[in-house]
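Visitor: I should like to learn how to read salt bridges in a protein model. May we work through an example together?

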Amino acid sequence: MTYVDLPDLSQHRLPFYLAMEEFVARELDEDDCLFLWQVEPTVIFGRNQLIESEVNLDYCREHGIQTYRRKSGGGCVYADMGNVMFSYVTKDENVCLTFNRYVNLLVLLLFRMGIEAKATGRNDVLIDGRKVSGNAFYHIPGKSIVHGTMLYDTQMEHMVGSITPSDTKLVSKGVKSVRQHIALLKDHTSMTIGEFMAFARRTLCDRSICLTPKQVERISEMEQEYLTDAFIYGRNPRYTIVSRKRIEGVGELEVRLEVKNGIIKGADIMGDFFLVGDIERTILQPLRGCPLEREALQSALPDDMGDIILHLRKDHLIDLILNN
């Protein structure tokens with residue numbers, strides 16, 4: 001695997017590294033690439049999430065925590081300099097196989113540190129039953145991009161407060177609760193965070209390339225998309241019906257419909273699920289103009305729903321739309 005270096009040690013905002021992933025995927029002809037990075041306190045929310053529903057914006061403003069959207073699915077993540085962020089880019093277009101390979105690489109990495117870990121759920125790596133890494137993915141034509149966290153150490157109060165209510169008592173209880181479910185790598189190794197990053201690079205990569213200043217300029221240009229209000233805050237369509245449900249193995253789904261005279265005029269699907277296909281073309285467009293009836297929905301929607309939203313079944317979505 002090829003490690004991708006920057007030409008200097010400058011610290012960047014999180015969107016720069018998301019743009020760097022895209023640059024590597026779109027403009028470098030490499031089979032498998034990896035790079036590690038860190039950011040100042042930041043909340044990153046998923047492609048299909050509503051920021052006002054998932055992020056405690058008042059808490060973030062009060063504590064100087066930045067907020068950005070990413071292009072992958074999944075839920076909110078808090079990151080700071082106590083976390084190590086992994087970015088993996090590969091030519092393999094099979095997102096599910098790529099994702100499994102990447103998560104297993106993390107398990108192998110920890111095993112070589114003498115730490116017993118296992119992959120579980122949709123996207124997590126656990127140590128002693130507690131989460132040490134959460135990950136997400138998306139793909140562009142010809143490439144898959146996987147990225148995630150490795151919790152070495154972190155400010156637990158910020159992790160809880162930036163995503164949950166900021167009432168002091170709730171945060172205090174939340175920290176204790178979250179800490180019971182979170183593993184910190186520092187508790188399982190004598191390595192410093194810098195030593196861990198160096199070990200991960202040596203273990204997973206056998207060669208490296210260094211980007212040029214001109215390529216860094218191109219990444220900075222690509223970063224601008226991630227900094228626009230339109231991308232960060234997303235769309236806020238009108239809706240008359242909202243149905244929300246957590247589906248095992250899929251995640252949280254919220255269907256928002258604008259319905260007039262029994263006909264769906266507008267549709268959107270939000271949540272922390274993982275997209276593996278074109279939701280706009282295959283699900284949202286067919287819903288617009290469709291009668292709000294089970295038979296019509298059965299005809300309008302594709303059968304292989306799991307090819308669009310990971311592990312989702314057609315009857316799951318129809319039941320949610322009809323609020324059954």
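Guide: Let us begin with one pair: the side chains of Arg281 and Asp278 meet in a salt bridge, 3.7 Å from N to O. The general idea is that side chains of opposite charge can pair when their charged atoms come close. A salt bridge here is a side-chain nitrogen of Lys or Arg within 4 Å of a carboxyl oxygen of Asp or Glu.

Visitor: On what basis are such values given?

Guide: This is a predicted model, in which local features need pLDDT of at least 70 and side-chain atom pairs count only at pLDDT 80 or more, while totals for chains, interfaces and linings use all residues. Residues are numbered from 1 along each chain as its sequence is written, and side-chain values use heavy atoms, with hydrogens and water left out.

Visitor: Is Arg281 buried or exposed?

Guide: Arg281 is exposed, at 54% relative accessibility, and Asp278 is partly exposed, at 37%. Buried means under 20% relative accessible area, exposed over 50%, and partly exposed in between (1.4 Å probe, protein chains only).

Visitor: How many salt bridges does the structure hold?

Guide: The structure holds 25 salt bridges. One of them joins Arg244 and Glu54, at 3.5 Å from N to O. Arg244 belongs to strand E12 (residues 241–247) and Glu54 to helix H2 (residues 51–54), so this pair ties together parts 190 residues apart in sequence. Helices (H or I, at least four residues) and strands (E, at least two) are DSSP runs, numbered from the N terminus. Glu54 is buried, at 18%, whereas Arg244 is partly exposed, at 44%.

Visitor: Which residues are linked with Arg244 in a network of salt bridges?

Guide: The network links Arg244 with Glu54, Arg246, Glu252, Glu254, Arg256 and Asp272.
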